[in-house]
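Open the model in your viewer and keep the selection tool at hand. The stops below go through the chain one selection at a time.

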Amino acid sequence: MQTADALSRMSGLSRLEARMLLVRVLGRPTEWLLAHGDEPVAPELSEAFLSLAARRRQGEPMAYLVGEREFMGHAFVVTPCVLIPRPETELLVEAAIQAIIDSRSPAILDLGTGSGAVAISLALARPDARVSATDISPDAIAVAQGNARRLGARVQWWQGSWYGALPPESRFDLIVSNPPYVSSGDPHLAQGDLRFEPAMALTDGDDGLSALRQIVSGAGAHLASGGSVWLEHGFDQANAVRSLLVTAGYNHVVTMVDLAGHDRITGGTLSL
Ligand SMILES: C[S@@+](CC[C@H](N)C(=O)[O-])C[C@H]1O[C@@H](n2cnc3c(N)ncnc32)[C@H](O)[C@@H]1O
C-alpha cells in the first residue's frame, strides 16, 4: 500500500493540488493529512486518487474534481453543468449590494444564475431581500437549488430564457447578470478550464454581446422606477455595454474595474 505522501509525489501534480485531491478522496481535513501523510492509504482510495490526478493532468478544472469552489466566502458545489464562479464576479455582487443599500426588502433578479453564486450570495448578504434567479439550463437550476439549501439561502428559481422565464408582471429593484459574453470565434474557448465548462455558460454563439443586448432591452419592462441594472462583461465590452444602457435611457451609467485592472462590470439606473 502507498502512503499519502508517496501518492502525492507520484501524481505529477503540484503539492497543493495533490493535497486538495487527497483531502477529497480520503474525506479528512488538510490538518489530518499533514500529520498522517506517512500512513498507508487503502488501495481503492489510492486508485480513486490516481484517477482524479490523471484527469487533472488532462487539464480538468480542480473545482470540478473536488466538486466545490469558494465565492464570497461561501462554498458552492459545482458540477460540469455550471460555470465555475470566478473571483472577478464578486465585484458584481459588491456593486449589487451597494445599489440596494438604502432599499428595504428589495426585489432582486439574477439572470443566468449557474451555480447560484450571485443570487445566493445576495440573499445571504441581504436576508430581507426577495431574490429571484433564472437559468435556461434545468441542470444548472438543480445545482443552484442544492447550493441554496446547503447554505440556507431563500431564492425563487425560474427556468427559461432570460425574462421569458418570469411571470410577465414581475418587477425588480435590481437586475444583475453575468451572461455568456465570449464571442463564438474566441480562441480562449478551446483553452484551459473553458474547454470543460458548458458552452452556453460562456458564449452567446454570436459576437459576445447578444445576451447583453437582450438583457438590457428587456430590463425596462421588469424594473421598478429608480431600479438598477448591473452587468458583468468582457474587458473590451465596456463601451458597448455603456452605450446599450445610455441608449435605453439609463442614468448614472458607470463601469468598474476588477482586481486585474480590467473593465469588468457596468451598471446604471432607470427612472421611469
Ligand atoms: C457566465 S454563466 C454565469 C453563471 C453564474 N451567474 C456565475 O456568475 O457564476 C452564464 C449563465 O447563463 C445561462 N444562460 C445562457 N443562456 C441563457 C438564456 N438564454 N437564458 C437564461 N440563462 C442563460 C447559462 O446556462 C449560465 O448558467
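This is a predicted model. Begin by colouring two selections: residues 4-58, which form domain 1, and residues 80-270, which form domain 2. Between the C-alpha centres of domain 1 and domain 2 the distance is 36 Å.

**Stop 1: helices α2 and α4**

Select residues 15-26 for helix α2 and residues 43-57 for helix α4; the two pack with their axes 10 Å apart, at an angle of about 140°. Because of that angle, α2 counts as oblique to α4. The crossing of α2 past α4 is right-handed. Now show side chains. From α2, the residues in the contact are Glu 17, Ala 18, Leu 21, Leu 22, Val 25 and Leu 26, and they meet Leu 45, Ala 48, Phe 49, Leu 52, Ala 53 and Arg 56 of α4. What kinds of residue make up this contact of α2 with α4? There are 10 nonpolar residues and two charged ones, with no polar residue.

**Stop 2: the ligand**

Next, select the ligand and the residues around it. The shell holds 22 residues, and the closest are Gly 112, Gly 114, Ile 136, Asn 178 and Ala 201. Three elements each give two or more residues to this shell: helix α7 (117-125), strand β4 (130-135) and helix α9 (199-202). Coloured by type, the shell shows 12 nonpolar residues, nine polar and one charged.

**Stop 3: helices α6 and α7**

Keep α7 selected and add helix α6, residues 90-99; the two axes come within 10 Å and cross at roughly 40°. The crossing angle is why α6 is described as oblique to α7. This crossing is right-handed. On the α6 side, pick Leu 92, Val 93, Ala 96 and Ile 97; on the α7 side, pick Val 118, Ser 121, Leu 122 and Ala 125. The contact of α6 with α7 has seven nonpolar residues, one polar and no charged.

**Stop 4: helices α10 and α11**

Finally, select residues 210-219, helix α10, and residues 238-247, helix α11. Their axes are 10 Å apart and the packing angle is about 20°. Are α10 and α11 roughly parallel or oblique to each other, and why? An angle under 35 degrees counts as roughly parallel, so α10 and α11 are roughly parallel to each other. They cross in a right-handed sense. Leu 212, Arg 213 and Val 216 of α10 make the contact with Val 241, Leu 244 and Leu 245 of α11. By type, this contact of α10 with α11 has five nonpolar residues, one charged and no polar.

How values were computed: Residues numbered from 1 in each chain as written. Predicted model: local features only at pLDDT ≥ 70, side-chain atom pairs only at ≥ 80, totals over all residues. Domains from an automatic or database assignment. Near = placed C-beta within 6 Å. Helix = DSSP H or I, 4+ residues; strand = E, 2+ residues; numbered from the N terminus. Nonpolar A, V, L, I, M, F, W, Y, C, P; charged D, E, K, R; others polar. Axes fitted to C-alpha atoms, helices over the stretch in contact; angles between N-to-C directions. Parallel < 35°, antiparallel > 145°, perpendicular 65-115°, else oblique. Left-handed = near helix turned anticlockwise from the far one by under 90°. Contact = placed C-beta atoms within 7 Å.
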